[in-house]
Amino acid sequence: MRNIWTIARREYKLYFISPVAYVVAFLFMLILGWFFYSGISSAILQASFQTYAPTIQMIISPMVTLLLFTMPAITMRLVAEEARMGTLELMLTAPVKDWELITGKWLGGFLFMLTLLAATWIFPIALNLMVEPGIDQGPLVTGYLGLILMVASLVGLGVGISSLFTNQIAAFFVSLAVVLLFWL
């Protein structure tokens, strides 16, 4: 178990060194913020005509679609980079089992995505402050629980596809194709 946490901690720290992770996280938050702003603007415009209160769906729905496109970019390097650099053989000769390596890689990517999901809590908090009786907490909690489960499965899929390739770009496009195939 210690090997898994060591690998997961290493992968998690590598995300904060990599500029790709920062670019993906920035674009994710920027696009989600644009959807939030446009949803709030349309709710304000419609407020004079009817009693329309914005719900948490204006945040969850775009986030699901954005996650489908960001997950391949986050997981493309997990195993493919190790295989390309030749460090995969070095790691496998260490006293680390194969399943510990893959589980540690998955856990590192999953923790990074949980950090990104935690950063999106600013939108429900802002929405809760804007809506007079507050937003319904049941759909909020179950929506985020569903997002966490979706992220866990997509990171697992990305790690599995990344282990098949030594090229990160090939792993990205195959992961994107598989994710979009499942989405359809």
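A crossing of two helices is left-handed if the near helix is turned anticlockwise from the far one by less than a right angle, and right-handed if clockwise. The exercises below apply this and related terms to a predicted model, in which local features need pLDDT of at least 70, side-chain atom pairs count only at pLDDT 80 or more, and totals for chains, interfaces and linings use all residues. Residues are numbered from 1 along each chain as its sequence is written, and side-chain values use heavy atoms, with hydrogens and water left out.

**Exercise 1. The pair α8 and α9**

Determine how α8 and α9 pack, and state the handedness of the crossing of α8 and α9.

Solution. Step 1: helices are DSSP runs (H or I, at least four residues), as strands are (E, at least two), numbered from the N terminus. Helix α8 spans residues 137–162. Step 2: two packed helices are described by the angle between their axes and the distance between the axes. Axes are lines fitted to C-alpha atoms, for helices over the stretch in contact, and angles run from 0 to 180 degrees between N-to-C directions. For α8 and α9 the angle is about 140 degrees, and the axes are 9 Å apart. Step 3: that angle makes α8 oblique to α9, given that angles under 35 degrees count as roughly parallel, over 145 as roughly antiparallel, 65 to 115 as roughly perpendicular and the rest as oblique. Step 4: the crossing of α8 and α9 is right-handed. The contact (heavy atoms within 4.5 Å) joins L154, L157, G158, I161 and S162 of α8 to A171, V174, S175, V178, V179 and F182 of α9.

**Exercise 2. The pair α3 and α9**

Classify the mutual orientation of α3 and α9, and identify the residues through which α3 and α9 meet.

Solution. Step 1: α3 covers residues 57–75 and α9 residues 168–183; their axes come within 8 Å and cross at roughly 155 degrees. Step 2: α3 and α9 are therefore roughly antiparallel to each other. Step 3: the crossing of α3 past α9 is right-handed. Step 4: on the α3 side the residues are T65, L68, F69, P72 and A73, which meet F172, S175, L176, V179, L180 and W183 in α9.

**Exercise 3. The pair α1 and α6, and residue E11**

Describe the crossing of α1 and α6, then establish whether E11 is buried or exposed.

Solution. Step 1: the axes of α1 (residues 2–15) and α6 (residues 98–119) come within 7 Å, crossing at roughly 45 degrees. α1 is therefore oblique to α6, and the crossing is right-handed. Step 2: the residues of α1 that meet α6 include W5, A8, E11 and Y12, and their counterparts in α6 include W99, K105, G108 and F112. Step 3: E11, a residue of α1, counts as buried because its relative accessibility is 0%; buried means under 20% relative accessible area, exposed over 50%, and partly exposed in between (1.4 Å probe, protein chains only). Step 4: apart from residues up to four places away in sequence, E11 touches R77, L78, E82, K105 and G108.

**Exercise 4. The two sides of α7**

Explain why F123, P124 and L127 lie on the same side of α7, and name the exposed residues on the face turned away.

Solution. Step 1: α7 comprises residues 122–130, and F123, P124 and L127 are buried there. Step 2: these residues cover an arc of only 95 degrees around the axis, which puts them on the same side of α7; the arc is that of the directions from the helix axis to the C-beta atoms. Step 3: the face turned away from the buried side carries the exposed residues I122, I125 and L129. Step 4: M130 also lies in α7 and, at 49% relative accessibility, counts as partly exposed. Leaving aside neighbours within four places in sequence, M130 is in contact with F36 and I40. The C-alpha atoms of M130 and I40 are separated by 9.2 Å, although the two are 90 residues apart along the chain.

**Exercise 5. The whole chain**

State how many helices and strands the protein chain has, and what share of its residues is buried.

Solution. Step 1: the chain has nine helices and zero strands. Step 2: buried residues make up 43% of its 184 residues. Step 3: among contacts with a separation of 6 or more, 81% join residues 24 or more positions apart.
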